[in-house]
Amino acid sequence: MSEFHIVPATACRTALEDNPAHLRTIIENTYRAHDAGHTVNPDSHFLRFPDKPDDRVIALPAYLAGHTHRIGIKWISSFPANLDHGLPRASAVLILNDHETGRPLACLESAHISAHRTAASAALAAQTLGGNRARSVAVIGAGVIAATVLDHLAATDIEVTELACHDLDEARAGRLLQDKHRDHAWPVRTVGLTQALDADLVIFATTAASAYVPEDHRFHPGQLVLNISLRDLAPDTILEAANILDDIDHCLKANTTPHRAEQATGNRDFIDGTLGGVLTGRDRPRPDRPVVFSPFGLGVLDIAVGDYVLDRSLNDGTAVAVPGFFA
């Protein structure tokens, strides 16, 4: 591919929504590659603004070796106040480069890629850490990430006996539940925070900057918590759980709850392992505790999914070539 290409949102969405099971396979293979040391995944870089403390832009560079053999970087912004103006909270682009020459190959709209790689990772974690048994599900936060996670969960063999939702905006929670009842025929209900925390599978998908779940809250053995938004829980809550991370060094920073737990205890003894370690059989969460999965979000997952989307869009003719982009 000698020309530079643009892959717009419509092309990305078509590729991503076509086969959720295949996306889960891509994510699983990437976690295994990361666990085996076949990736380069530097720290994410946060750009923050003194006059706008709620806003941020994050750069996630990464390299995935093996079959994909691709370099890339995701540049993703989170501006929560956008929701008040009818705009999405997050927007993103992904740049993919050729490993042999270093030349940029394409720019992909990446808010969809980011949401689907997060959701596929969450669904994979739900299957890997909790099996395919029937369970009640509660999602805390009713935004795009929550909706996408639920769609990927529906594409697994997990039977959802009930879906509950808690959000500070009850109308938004109601819309999410209505959509998922229509799409998946799940029994649904809006609940308070305390009721949501009692579900078999609890999914945190908020924009919370600090913990709001009561410090004395404890999950019980048999519960699985997908701690996607990373800052909703107090350290004591996860110190009483079995903790699986996507990458230990990545997750223990930026005042995530696992990071605060490390600061409070001075050690990492509360961590049971990584999802890649569980997939390979090296790690196993303690069976007598609830399980909390905390994914900081690996840039290498974006590279893997973005590479798939680029190939699909080139084959489908939906990638837009930009003649003369390079001198």
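The legends below describe an overall view and several close-up views of a predicted model.

**Figure 1. Overall view of the predicted chain, with its 11 helices and 16 strands.** Along the principal axes, the C-alpha atoms occupy a box of roughly 60 × 45 × 45 Å. The radius of gyration is 19 Å, which agrees with the value near 20 Å that a compact globule of 327 residues would have. Buried residues account for 52% of the 327 residues, and of the contacts with a separation of 6 or more, 67% join residues 24 or more positions apart. The chain exposes about 14,300 Å², of which carbon and sulfur atoms supply 51%.

**Figure 2. Close-up of the aromatic cluster formed by Phe4, Phe325 and Phe326.** The whole structure holds five aromatic pairs, among them that of Phe4 and Phe325, whose ring centres lie 4.2 Å apart with the planes at 10 degrees, so the pair is stacked. Phe4 belongs to strand β1 (residues 4–7) and Phe325 to the segment after β16 (320–322), so this pair ties together parts that are 321 residues apart in sequence. Phe4 also forms an edge-to-face pair with Phe326, at 6.1 Å centre to centre and with 90 degrees between the planes. Because Phe326 likewise lies in the segment after β16 while Phe4 lies in strand β1, the pair connects parts that are 322 residues apart in sequence. Within the cluster, Phe4 counts as buried at 5% relative accessibility, whereas Phe325 is partly exposed with a relative accessible area of 46%, and Phe326 is partly exposed with 27%.

**Figure 3. Close-up of Arg282 and its salt bridge to Asp35, at 2.8 Å from N to O.** Arg282 is placed in the loop between α10 (275–280) and β15 (291–294), and Asp35 in helix α2 (residues 20–35), so the pair ties together parts that are 247 residues apart in sequence. The side chain of Arg282 also meets that of Asp283 in a salt bridge of 3.2 Å, N to O. Of the two acidic partners, Asp35 counts as partly exposed at 27% relative accessibility, while Asp283, at 16%, counts as buried.

**Figure 4. Close-up of further salt bridges, including the pair of Arg268 and Glu262.** The side chains of Arg268 and Glu262 meet at 2.8 Å, N to O; Arg268 counts as partly exposed at 35% relative accessibility, and Glu262 counts as buried at 18%. A network of salt bridges links Asp151, Asp179, Lys180, Arg182 and Asp183. The count of salt bridges comes to 19.

**Figure 5. Close-up of Ser313 in helix α11 (residues 299–316).** With a relative accessibility of 1%, Ser313 counts as buried. Residues up to four places away in sequence being left aside, Ser313 touches Val7, Ala11, Thr318 and Ala319. The C-alpha atoms of Ser313 and His5 are separated by 9.9 Å, although these residues are 308 residues apart along the chain.

**Figure 6. Close-up of a nonpolar surface patch made up of Leu47, Trp75 and Val93.** Together these three residues have about 250 Å² of accessible area. Trp75 is found in strand β5 (residues 70–78) and is partly exposed, with a relative accessible area of 41%.

Key. Residues are numbered from 1 along each chain as its sequence is written. This is a predicted model: local features need pLDDT of at least 70, side-chain atom pairs count only at pLDDT 80 or more; totals for chains, interfaces and linings use all residues. Side-chain values use heavy atoms; hydrogens and water are left out. A salt bridge is a side-chain nitrogen of Lys or Arg within 4 Å of a carboxyl oxygen of Asp or Glu. Helices (H or I, at least four residues) and strands (E, at least two) are DSSP runs, numbered from the N terminus. Buried means under 20% relative accessible area, exposed over 50%, partly exposed in between (1.4 Å probe, protein chains only). Contact means heavy atoms within 4.5 Å. Patches are made of residues with over 30% relative accessible area and no salt bridge: like charges are joined within 9 Å, nonpolar side chains (Val, Leu, Ile, Met, Phe, Trp, Tyr) within 5 Å. Accessible areas come from the Shrake-Rupley method with a 1.4 Å probe; for residues, only the protein chains shown count as cover. The radius of gyration is taken over C-alpha atoms; the globule rule is 2.2 Å times the number of residues to the power 0.38. Rings of Phe, Tyr and Trp (its six-membered ring) pair if their centres lie within 6.5 Å; planes under 30 degrees apart count as stacked, over 60 as edge-to-face and the rest as tilted.
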